[in-house]
Each structure stands twice: as structure tokens, then as C-alpha cells.
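This report goes through one protein chain, from its overall make-up to a few local details. Please look at the sequence and the model before reading on.

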Amino acid sequence: MSEKMGDIIQKNIESIMSKSQNIIDGRTGNLVPDEYYKMFKELVYHKFGMDINDSKRHGFEMKISKLVEKSGLSYKQYHDKLDREEDRELTIEFLNEITINKTDFFREINHFNYIKDEINLILQYNPRILTNKEIKVWSSACSTGEEPYSLAITLREALPQDIKIKILATDISHKVLKKAITGVYPIALKDQINEFHLRKYFHIEKDAIIVKDELRDMISFRSFNLKSNFPFKNKFDIIFCRNVMIYFDSIFQEKLINDFYNFTVKGGLLFVGHSESLSYLKHNYKYLKPTIYLK
Ligand SMILES: C[S@@+](CC[C@H](N)C(=O)[O-])C[C@H]1O[C@@H](n2cnc3c(N)ncnc32)[C@H](O)[C@@H]1O
């Protein structure tokens, strides 16, 4: 056999081998062999804090097998590349695929109503906002941006006009951040925003609503993994951490809440998602209302 023909056969064998990893395991019915599933499960827990429980196994396996197949690597090679963080593009693509990014404008409306209706109380708890003429807010898992834009609108309407609004909006997924930064949303989302705010803060096109600069200028978008050490110099007056802790286990949740506490000013507030009570975690925030906490 010529050397060339030998190479071709070898390549074909490698390709078939790498594809055959994605054939369902006949014994267990699982898409990813147990050994690799466990490796990836551990990796996402240690690196990104996400706790994949067995009820989510199938969805997680579908995503992993698709990514591995596309890469042309074996499960082990793909895992090790992620683990060693040696391929930035691969890590970004992986995170884009495995995160769940559901969000809406004014999602869980009573948080925004609380800020609007209780703004005097918020300023009483935290008089520095008026003294400094500035409010610092962190939307810590901002997804495609609807949350920080809703915060910007609510605060701009509620606070005196001379107070500068500075919102840091972070997420681990680059894909959602790109969308958030453009500030362009499908026209169907206009129903999530009241008519007055829509006209004041958005350009309304035929197919899209586009955030006006006035709103966008209040927000800085950055990628940030909540599993990392907080790199901030200053503390925040308000922190939103909504609908992301459900993916973390209680050990990481407790650490995160305590990190948030250390980065909240005295008299500042923490808002968590409606299904994310802190009652079973050790922390020093004072309970104000369900899902709203005071330092
Ligand atoms: C379901 S969305 C919630 C969006 C918004 N907070 C809301 O309540 O509408 C959860 C977001 O958390 C992000 N996320 C997941 N793990 C994260 C981590 N370790 N660090 C930062 N963001 C993370 C995901 O990329 C996703 O955009």
C-alpha cells in the first residue's frame, strides 16, 4: 500500500472513531459515556460553579457531544483543553453553549416596583447615594442585557436627575454580552416595556427596538465568572444576582452571598431571583422582603 493511501485510511479511522464517541451507549442509554460525563460535570463545577444534577444530564450531554464532535477532538482531549484553559475560543464557545440565558425586560417586576416605590427608603438606608451624587449597581448575571437596561430605566425615573447612574453588567457568556452591548432587540419584546418608557428610551424600528445612547451610557458590560475572585476597587449600592444561583450548589451559593456582602456598601441592597431564597445559607444581610436583602 502506498504511504499516501495509508495516511488516508488512518485519517478515516480517526474520523470514524471520533464520531463513534457520540453513538448512544447501548448499555446505559446515555449519550456521553459515564466516565466522560463525570469529568465534564466536575470541570464545570470547579471552573464555573455550575452544578449539573442528574435530571439535567441529558441536555448537558447533548451540548457536550455536539461541541466535541464539531471540534474533531476526543472527549478527553476536549476536556483537557478546557481544563488547561489553553484555547480561549474553545472555552468561549463551550460557555456560550452550556449556559442558560433566559431573561426579559422587567422580569420579576416587583423588584423594579420596589425600587420605584421605595426610593426614599433606599436613600434613607444609604444616604451616600445623595452625598456622592452617584449610584453604583451591579447586574451580576446580566444575560442579553434586559436586566441592566430595566434597572437603568427604573433608576433614571426614580432618582433625582443629578444622580449619576453607573451600572456594571457582567456575564460569563460572551455571546449574550455581545447582544447586550448592541442593545438591539426584536420588536416582539416591546410588549415587555411600558409605552412611556419605550418611547423615551428606545428607537422603534419596523423589526427592532434599539436602546438609546442615554441608557446605554449608564452601563458597562464585561465578562466575569462569578467563580472568580472579585476584582473590584469599590463597593456597590445595589447588587442584582437573579436566576443564576439556582445553577450553583449551596456551598458555592453561600460563598457568593458572603462575597456580595463584602462588596455591598452599608445600607446597600441585594436582590436575588424569586426562586432563590437565602434562608438556608449563613450570611449577614438583613431580610427586608422575599428576595430583597439589606446590608
Ligand atoms: C437565566 S440567566 C438570568 C439573567 C437575568 N439575571 C435574569 O434574571 O433575567 C442566567 C445567566 O447567568 C450566567 N451565568 C451562568 N454561570 C455563570 C457564572 N459562573 N458567572 C457569571 N455568569 C454566569 C449565564 O450565562 C446566564 O446568562
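The text below covers the whole chain, then its core, then one pair of strands.

The model is predicted; local features need pLDDT of at least 70, side-chain atom pairs count only at pLDDT 80 or more, and totals for chains, interfaces and linings use all residues. Residues are numbered from 1 along each chain as its sequence is written.

The chain has 13 helices and 10 strands. Helices (H or I, at least four residues) and strands (E, at least two) are DSSP runs, numbered from the N terminus. Along the principal axes, the C-alpha atoms fill a box of roughly 85 × 50 × 35 Å.

Of the 295 residues, 33% are buried, where buried means that 20 or more other C-beta atoms, placed from the backbone, lie within 10 Å of the residue's own. Two residues are in contact if their C-beta atoms, placed from the backbone, lie within 7 Å. Among contacts between residues at least 6 apart in sequence, 72% join residues at least 24 apart.

A nonpolar core is a set of buried Ala, Val, Leu, Ile, Met, Phe, Trp, Tyr and Cys residues joined through C-beta atoms within 7 Å. The largest one has 70 residues, and A152, I167, I239, C241 and L270 touch the most other members. Domain 1 and domain 2 both give residues to this core, so it lies between them. The domain bounds come from an automatic or database domain assignment.

| Domain | Residues |
|---|---|
| Domain 1 | 3-98 |
| Domain 2 | 109-294 |

Leaving out residues up to four places away in sequence, C241 touches S140, A141, F260, L270 and V272.

Strands β9 (residues 286-289) and β10 (residues 292-294) run antiparallel and are joined by three bridges; strands pair if DSSP finds at least two bridges between them. K286 has L294 in β10 as its bridge partner. Two residues lie between the strands of this hairpin, in which T291 takes a positive phi near 70°.

Key: Buried ≥ 20, exposed ≤ 12 C-beta atoms within 10 Å, placed from the backbone.
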